[in-house]
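Dear colleague,

I am passing on the structure we spoke about, with notes on its salt bridges, cavities, one helix and the cysteines. Please read the notes with the structure open beside them.

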Amino acid sequence: EVKVIDNAGYPGTERQISPVEWYEKYRKKMMPEISGKPPMEKLPPSNFRVPGRVDQIKTFIKRNVTRKFADRQYMTINLLEVPALALILGFLSKYSENGTYLFSANKNYPVFLFMSIIVVLFVGLTVSAEEIFRDRKVLERERFLNLSWMSYLLSKINFLFILSAIQSLSFLIVANVLLEVRGMLFPQWIVLFSTACFGNMLGLNISAGMRSAVSIYILIPLLLVPMLLLGGAMIRFDDLHKSISRKIYVPVIGDVMVTRWAYEALMVEEFKSNKFEKPFFNYDMQISQNEWYATFLIPELKVKVRECKVAGKKEEFREYCKNNLKKVVYHINELSTVTGIKPGRWIASFTYNDFTDAAGDEALSYLDSLSSNIRSVIRALNFRKDSLYNQMSVTIGKDKMLELRERNYNENLADIVRNTLNKNKIFDSDKKLIQKADPVFMQPGSKWGRAHFYAPFKQIGNLKIDTLIFNVVVIWLMTCALFAALYYNLLKKFIIFLESLKLPIWRKFGRELLQI
């Protein structure tokens, strides 16, 4: 492109070397000479292949661990955050009366247990909430390799579960030493670890479904607040709105909250398996059930029989008497099964049309005999329990027995699981009378796993499953359900579905929230 220079030293308009001259130079010196068609040669074999799933898991784990340990701030915060929270929570919960701390008198301990669940759930959720979101660019680059999504998820879950196990254990070690909790480390750890794993899976679902970090952290409180309110500690299930409350069972909305299963497991296990209560629990359970029969159920049945006698055949009391008679028959059959004392033929006349004063008098006499029989059973059970207590006192000494109670039996926790602060010990439902006294000593009313809150065990068919084991299994089933949702990325598909509906409110607010 260099131009010629005129006599005055200024560049002209013509090029010093024309394009034709350049072409001739290229043709003579640089243009390759092709003589005929080049020969066909086989391509060399490629040594590239997508590794198997096991190898992918190993690679993903190695890459994930390397990245995490390279971020020293991330590891330091996650390893020290939970013990620090345990120290703060334990210190604030360490109630002492007159300056002397006794575990039995620490009335803040039940609150501490619930807050422990919230802590591990929150930490488990936040530590995983951006795991997949951060890797989106890497995943996009590797998509053409058709790598296993399952292998990638398992590598994430592997690291998070190990981290949650360490965090849960460090939390309990610090808190239990501070609050002087004894003999409950493993049961509490398995519950808190399971809850943290649930939080991990919930966080991974959010991380895979949301499109921005802002939307991730906006969604976390929306998930935690219902779990906080419906965990059974802040609001009693019986005190919920009447449309969702179930007096005999935990309502379904409570059963879908992981905090309900974790809190019940911790409270029941702490009460029934501590070193002081454990030897007496079966006696206390039988005594409590029989005392409820004799003190609350039978007197209430007698009141209903007398009401039916007074009402007679008055039309205005027709439905009321019919319901009362049905309840009396139901509970008399229940009590006859428990005591082995069968009612007479008068039970056949306990319908509205056939009921008579004579049948009512027979029923009252029968209920009196049941009460006497049950009270004799209570005396026998109390005698056995007292004998066991005296035997233990002789073996280890009375002072040691008192010390055993003070160091292992928390009074406020016992009041909560026994519902001693509630004055209503019986609830009159549409079909039967429901026990509200001593739920921790009360047998569940269903053989399909459902039960009241603080039930000592759950029942499937004739199989009785300890509450700790049953609740932990339920938490892991919920965790597995979240894994299935994560594998198929259901949250993202749900968001795409909402966008496809083109709802006005979604176009105005939802897209701004979820778009990057």
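A salt bridge here is a side-chain nitrogen of Lys or Arg within 4 Å of a carboxyl oxygen of Asp or Glu, and by this rule the count comes to 26 salt bridges. The model is a predicted one, in which local features need pLDDT of at least 70 and side-chain atom pairs count only at pLDDT 80 or more, while totals for chains, interfaces and linings use all residues. Residues are numbered from 1 along each chain as its sequence is written, and side-chain values use heavy atoms, with hydrogens and water left out.

As general background, side chains of opposite charge can pair when their charged atoms come close. One of the salt bridges joins D361 and K309, with 2.4 Å from N to O. This pair links distant parts of the chain, since D361 sits in helix α14 (residues 357–396) and K309 in helix α12 (residues 281–311), 52 residues apart; helices (H or I, at least four residues) and strands (E, at least two) are DSSP runs, numbered from the N terminus. D361 is partly exposed, at a relative accessible area of 38%, and K309 is also partly exposed, at 24%, where buried means under 20% relative accessible area, exposed over 50%, and partly exposed in between (1.4 Å probe, protein chains only).

Another salt bridge is formed by R418 and D438, whose closest N and O atoms are 3.2 Å apart. This pair, too, links distant parts of the chain: R418 belongs to helix α16 (residues 411–418), and D438 to the loop between β4 (433–435) and β5 (457–460), 20 residues apart. R418 is partly exposed at 28% relative accessibility, whereas D438 is buried at 11%. In the salt bridge between D255 and R260 (2.9 Å, N to O), both residues are buried. Beyond these pairs, R67, K68, E131, R134, D135 and K156 are linked in a network of salt bridges.

Turning to the cavities, a cavity is a set of points, on a 1 Å grid over the protein atoms alone, where a 1.4 Å probe fits but cannot get out, and its lining residues have an atom within 4 Å of a point. Grid points are joined across faces, edges and corners, and a volume is the space filled by probe spheres set on the points. The structure holds three cavities of 30 Å³ or more, and the largest has a volume of about 60 Å³. Its lining consists of F60, R63, N64, R67, D135, V138, Y152, S155 and K156, with α2 (53–70) and α7 (149–179) each supplying at least two residues. The second largest cavity, of about 50 Å³, is lined by C308, G312, K313, C321, L325, Y352 and F355.

Helix α8 (residues 185–209) has 25 residues and should span 36 Å (1.5 Å times one less than its number of residues), which agrees with the 36 Å between its end C-alpha atoms. Of those 25 residues, 23 are buried.

Finally, a search of the whole structure finds zero disulfides (pairs of cysteine sulfur atoms within 2.5 Å). For C308, the nearest cysteine sulfur is that of C321, 4.2 Å away, and C308 is buried, with a relative accessible area of 2%. For C480, the nearest cysteine sulfur is that of C197, 10 Å away, and C480 is partly exposed at 46% relative accessibility.

With best regards

Methods. 1 Å grid on protein atoms, 1.4 Å probe; cavity = no way out; pocket = protein on both sides within 12 Å on 5 of 7 lines; lining within 4 Å.
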